Amino acid sequence: MEMGPILRAMRRNKVRFGLIVTEVALTLAIVANCVAMIRDARAAMVRVSGFDDENLVNVRSTPFEKAFKEDGYLDNALDADLRSLRSMPGVRAATNTRFLPWQGGGSSTEMRPAGTKGEMLRTQIYNGDEGTLDALGVGLAEGRNFTREEVDRDTVRLRELGRNAREMGPDGLPREKFLQEVIITRAYGRLAFGDNPLLGQQLEDSDGDLYRVVGVIDHFYNPYGWPIHEYAVFFPNRARGYEFGSPFLIRTEPGQALAVAKAVEERLLAVNNGRNLRVQTMDEIKAQYFGPQRLVSTLMSTVTVLLVLVTSLGIVGLTSFSVAERTRQIGTRRALGARRRDVLQHFLAENWIVTTLGVAVGVVLAFALNFGLVTVVEGAKLRWPLLAAGVLLLWLAGLLSTLAPALRASRISPALATRNV
Amino acid sequence: MLTMRDVRKVYRTDLIETHALSDFSLHVRPAEFVAVMGPSGSGKTTFLNVAGLLDTFEGGTYLLDGQDVSRLSDDQMSRIRNQKIGFVFQSFNLIPDLDVFDNVDVPLRYRGLPAAERKDRIERALGLVGLSSRLRHLPSQLSGGQQQRVAIARVLAGDPRLILADEPTGNLDSLMTREILDLLEEINGRGTTIVMVTHSPECAARAHRQIHLLDGKVVDFDAVPTLAREEPLAAAR
């Protein structure tokens, strides 16, 4: 193999080969980062939430009847709805909570271990009732669930708290502290309390109100704007109101989500028709949530394929041009003793050098681009195996692109050497 | 060294057949310097292509250095071209992107010689043609005569039994022509067979023997006085 002369000859055609080297380098940098992001998006799409997603149905009841403005009417309607939902065929559990997985958000607050002056730790926070965990399909890892009495009691207490202005102390915080039992995720518990036992620990919020841990759940993943996807605190309360309506989560028997979703509107309107209802299965909600990511993924996949194709065509073009331009030269080489495979090897080696230089520069560019993406837009971190796959892909694309023109070159007759142009 | 008997070469297109060589017979002895002349279209280049195994032929036999080369594979022909034959072309046929050293190195690499031996051969060959100081020059940085000397060095480095020269002075002025012919004579003097295709009677006069072709056959010079005499003269003007 005549690598030395090939390299020296290439140095004398810097622009031509330089353009392809640049093209290969940019392709690798962009393709590797695109694929990293696609993989990241795909990994997020198959991420397990910890809930029984396939069998969840969300119902949002928004009243328009004036009667719903009265607390008692609201409470009775909510109870009636829950009773009706829980007795529906195909329904395993139903709950009244504002927590809705796979929305890409929810509500959050900041807390820290009570009595400490440490950093406030952000967490998702949602109301729940005695049936919330069952409706989500989540088991308690430690402690206990909320009781019906706790939910009723705290619903009233929180309603009172909302109605009356709280008396402030000299520190600017409410004088009287409010204490609630909460169920937290283990990830948030670890964040706040490290490896200490979690049951019985107390958290405090920015008003100094206290939250005592009575239960711990292991698996919780709900994508959020901040990186608090696995942090959550549930507190006992009913979620209902005239303006914001009442949200329900229903867990159906396996495979019954669609059937229940179809039947639930008629069922609830039979209980009370003074409201609008919106029913969605969790599959629909997830599809909405992942829709933009799926689109970006598809676009990136298309860009990736097109880039590799364009680069391959560039290599085909370069090699075809080289063959056409060097027809006489190839004839001379053949006359001087080159076999067909020597000519083939010559072009393959030339291309291999171009591709290798391209991927070498591309590796550096890919990491530089990735550093920028990770720093600026929270892109996916580029990993070596992926980059190695990209290098192999471009090597293979380069080889295949060169093959046809190189084979054509190898068939050039040595008699061309004596043809005077 | 070279014996052709009744060799035929026909070029075919959809419409016509051209008999470039018809029952072509020729014998060239070892260490002979033969000039092949003839008008355009007489079959000189076809003869050179067949003799140099650059092209195949249909019929007849061809013995090169005692070996029947009538039915060789493409690889076998490449090996013989590489080891036994040296080519000197009218347009020099140097690789423009390679410097002088690498140009002379091209056939040696195909022969698979070790680097040290190749270097030794290249330096010796370039020394013989007086271009030792131009190793890293590109062909474009050399005069026509120097380029042809590089091409001759490329031949010398391979130490072939037979040199086929196709109008080796066709692109050179008279001074350079003399230089190249002197060089070819010198090489021939060392025992290398040379077959030179030329239009020029001056060049042909340097050969031991002149062969005239017409319509793809060897003809007696005196038998076709008009054409054979006029054509080379016209070409030499």
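**Exercise 1. Find out which residues Ser25(B) touches, leaving aside residues up to four places away in sequence.**

Step 1. Start from the contacts: Ser25(B) touches Met4(B), Arg5(B), Asp6(B) and Val218(B), where contact means heavy atoms within 4.5 Å. The model you are exploring is predicted, with local features needing pLDDT of at least 70 and side-chain atom pairs pLDDT 80 or more, while totals for chains, interfaces and linings use all residues. Residues are numbered from 1 along each chain as its sequence is written, chains are lettered from A and ligands numbered from 1 in the order in which they are written, and side-chain values use heavy atoms, leaving out hydrogens and water.

Step 2. Place the residue: Ser25(B) belongs to strand E2 (residues 17-28) of chain B. Helices (H or I, at least four residues) and strands (E, at least two) are DSSP runs, numbered from the N terminus.

Step 3. Look at two of the partners. Val218(B) is 193 residues away from Ser25(B) in sequence, yet their C-alpha atoms are 7.1 Å apart in space. With Asp6(B), the side chain of Ser25(B) reaches the backbone nitrogen at 2.9 Å.

Step 4. Check the surface: Ser25(B) is partly exposed, because its relative accessible area is 33%. The scale calls a residue buried under 20% relative accessible area, exposed over 50% and partly exposed in between (1.4 Å probe, protein chains only).

**Exercise 2. Describe how chain B and chain A meet.**

Step 1. Count the residues: 29 residues of chain B are in contact with 26 residues of chain A.

Step 2. Turn to area. The size of an interface is often given as the accessible area lost when the parts come together. Here the two chains bury about 2,500 Å² between them, 50% of it on carbon and sulfur atoms; buried area is the accessible area (1.4 Å probe) that two parts lose on being put together, summed over both.

Step 3. Find the leading contributors: Asp97(B), Arg109(B) and Tyr110(B) supply 26% of the area that chain B buries against chain A, more than any other three residues.

Step 4. Count the salt bridges. There are five between chain B and chain A, each a side-chain nitrogen of Lys or Arg within 4 Å of a carboxyl oxygen of Asp or Glu. Arg12(A) and Asp99(B) form a salt bridge through their side chains, at 3.8 Å from N to O.

Step 5. Name the helices: on the side of chain B that touches chain A, at least two residues each come from helix H1 (44-51), helix H2 (74-84) and helix H3 (100-111) of chain B.

**Exercise 3. Are Asp102(B) and Val106(B) buried or exposed?**

Step 1. Locate them: Asp102(B) is in helix H3 of chain B, and Val106(B) lies in helix H3 of chain B too.

Step 2. Read the accessibility. Asp102(B) is buried, with a relative accessible area of 2%. Val106(B) counts as buried at 2% relative accessibility.

Step 3. List the contacts, leaving aside neighbours within four places in sequence. Asp102(B) is in contact with Pro5(A), Arg8(A) and Arg136(B). Val106(B) touches Arg333(A), Leu336(A), Ile95(B) and Leu98(B).

**Exercise 4. Where do Asp65(B) and Asp159(B), two residues with a positive phi, sit in chain B?**

Step 1. Recall the background: most residues other than glycine have a negative phi.

Step 2. Take Asp65(B), whose phi is about 55 degrees. Asp65(B) sits in the loop between strand E4 (59-64) and strand E5 (67-68) of chain B, and counts as partly exposed at 25% relative accessibility.

Step 3. Take Asp159(B), whose phi is about 50 degrees. The loop between helix H5 (144-158) and strand E7 (162-166) of chain B holds Asp159(B), which counts as exposed at 55% relative accessibility.

**Exercise 5. Work out how the two domains of chain A meet.**

Step 1. Set the bounds: domain 1 covers 3-46 + 291-418 and domain 2 covers 53-289, with bounds from an automatic or database domain assignment.

Step 2. Find the separation: the domain centres, taken over C-alpha atoms, are 54 Å apart. The contact takes five residues from domain 1 and four residues from domain 2.

Step 3. Find the area: domain 1 and domain 2 of chain A bury about 330 Å² between them, 31% of it on carbon and sulfur atoms. Ala44(A), Gly291(A) and Gln293(A) supply 64% of the area that domain 1 buries against domain 2, more than any other three residues.

Step 4. Finish with salt bridges: the rule finds zero across this domain interface.

Terms used:
Polar contact = N/O pair within 3.5 Å; in protein donor to acceptor, adjacent residues only side chain to side chain.
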